[in-house]
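Q: How does one read the boundary between two chains? Please take me through it step by step.

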Amino acid sequence: MSVLVHVTNLTKYFSIRKGIFGKEVGQVKAVDGLTFDIRKGETLGLVGESGCGKSTTGRLILRLLEPTAGRVEFEGKDVFKATPGEMRALRKDMQIIFQDPYASLNPRMSVGDIIAEPIKLYKLASGPEIQKRVEHLLSCVGLASYHARRYPHEFSGGQRQRVGIARALALNPKLIVCDEPVSALDVSIQSQVLNLLKDLQQEFGLTYLFIAHGLNVVKHVSDRIGVMYLGKMVELAGDDELYNNPLHPYTKALLSAVPIPDPRAKKQRIILTGDVPSPVNPPRGCRFHTRCFCSQDICKHHEPVFKRVKPGHWVACHLVEEENKK
Amino acid sequence: MTQTLLQVKDLKTHFFLEDGVVPAVDGVSFHLNRGETLAVVGESGSGKSITATSIMRLIPNPPGRIVGGEILFNGEDLLKKTEKEMRAIRGNRISMIFQEPMTSLNPVFRVGHQIAESLMVHQGLNKQEALEKSIEMLRLTGIPSPEKRAHDFPHQMSGGMRQRVMIAMALCCRPELLIADEPTTALDVTIQAQILDLMLELKEQLGTAIIMITHDLAVVAEVADRAVVMYCGKLVEEAPVLELFDNPLHPYTRGLLKSIPHINDNQERLYMIEGMVPALTNLPPGCSFAPRCPEARPRCHVERPSLKEVSPGRRVSCWLHEGGVR
């Protein structure tokens, strides 16, 4: 498979400013040196707890935020070096679906206008053609054509998320960043939206970057999964490989913490103590060593490198490295 | 002392709005034994939280009102109590934990003081004793260095810590019943595992019965002894947890169970419950679930089924099971 997006050393620090002169007093290290690829036609899942930088990563790839350092190449073009004109052309290929379908739709525009807006902006169609395209998009996401005249408040959460998906599809994008698209939905609606996303991927040959905190959801939709912790990627592998053979202690703990809907399931929990440290002042060495159940001296002083340990399996942990040496 | 701690009989809580009467809880009956954990499962709008707030008699009036039924707590009807008598019960014999630990703590008081307050009111301790006891409770919930933390304000704590404070506050008077309304929904998976473990451990220690309100069937499988499933303000099924997962009877329960993505399975498509939850002001005349039910018969659309016992401890409200378990 060819690579669609190539991310190298992506870094974003947010400044904390104080006082009337806005003096910088610290930095939130939201994303710190990420390197990975997104292949054409795949779904790459990004998981991690709140504050680990997964949403920031999604926004950086779309250049909705300017990075502190690093490169993102989309089909070989450097996204951060693109001129405003080039950026406009690129945006057509990269779209996003947000978590909160209540906040991401303009309440004063009818659903038809919301979906037609990108089509008009990019002059993909004109006159009655626009109407036709909107109706086609609505039917793609399982809504009826009369819904175009309605306003967002008349829809339920699941339907609004469908409108958000139709809007993202309007420009025939190549990449869609799904930022927690089902977290706000009920279980029965969640499965409808997940199936819809899967169908659309096949129909339009889409590539997804799927960001979520629910591991079972990510496992279901993804081909490969990256696990993030405090702005770093700690492990990246194919979905089955990651679930059957997790190498990083954090991945192991995260997997064991997922509640399983089966009262007879064997529960061998690794319960992590404490909370995620603040990204303003992350621990030295391995960022996970303060909560790690098998941390050693080396973890406190040296930061592990994100390395390939097997074909398609990357991990950043000293212990895994040592085991491989033996 | 009898085995039954709480008996809810035909509870009806309606909201009187301009658009009409919303029967948020419509004829709900269930019971809870001492020291037992009962899960109330349902999607948003199913009436599970209103059932809990009705037991606490915290329904905002207007627009809401409990229009019928009985809530027997230790044989006494809570609906016949005066507001003053209720105040002696709330926080003392029945307490509640809410979903949002951010909004349910008072931001301008130190957490130690907030826990001490209910001890002073209900147990007549003086300020010094109450503060010592509240530090004791914080230690019990696993907060590190509780002597210092008791002097923190809520904004100085993380989400998981605040939920621990809420649990300490709810359990400080050793209530007989704890109502937990989605206690882990706002938390990350690793923190959720910590909190669920803590609740079960304290339940063993203090012998508190728990009503766990949740939309997450995985949480039900983890913690509950029995479960009731709600849909559109009514109970549709009641069963011991093992039986509910092994052999769900109501088509809605079956659909819910099938539509969760399972972490160990590799199914391509998820099962979907078609359609949406109907508006409570405009319920279909027959079974509320009939329009979405894959097994609906003509009778289901015209006649409303009632909750019937099909085997000891199992009740279901469905015409398919009219003559016992199929």
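**Reading the interface**

A: Start with polar contacts, keeping in mind that this is a predicted model. Between chain B and chain A, 14 residue pairs are in polar contact, both residues being at pLDDT 80 or more.

Q: Which helices of chain B each supply at least two residues of the side that touches chain A?
A: They are helix H7 (189-206), helix H8 (217-223), helix H9 (241-246) and helix H10 (251-259) of chain B. The largest share of that side, seven residues, comes from H7(B).

Q: What residue classes make up the side of chain B that touches chain A?
A: That side has 20 nonpolar, 11 polar and 10 charged residues.

Q: How many salt bridges does the rule find across the interface of chain B and chain A?
A: A salt bridge needs a side-chain nitrogen of Lys or Arg within 4 Å of a carboxyl oxygen of Asp or Glu. By that rule there are two across the interface of chain B and chain A. A:Asp199 and B:Arg269 join their side chains in a salt bridge, at 2.6 Å from N to O.

Q: What area is buried between chain B and chain A?
A: About 3,700 Å² is buried between the two chains, and carbon and sulfur atoms give 54% of this area. On the chain B side, B:Thr190, B:Glu222 and B:Ile263 supply 18% of what chain B buries against chain A, more than any other three residues.

Q: How many residues of each chain are in contact?
A: Contact joins 41 residues of chain B with 41 residues of chain A.

Notes: Residues numbered from 1 in each chain as written. Chains lettered and ligands numbered in written order. Predicted model: local features only at pLDDT ≥ 70, side-chain atom pairs only at ≥ 80, totals over all residues. Heavy atoms only, no water. Contact = heavy atoms within 4.5 Å. Buried area = accessible area lost by both parts, 1.4 Å probe. Polar contact = N/O pair within 3.5 Å; in protein donor to acceptor, adjacent residues only side chain to side chain. Helix = DSSP H or I, 4+ residues; strand = E, 2+ residues; numbered from the N terminus. Nonpolar A, V, L, I, M, F, W, Y, C, P; charged D, E, K, R; others polar.
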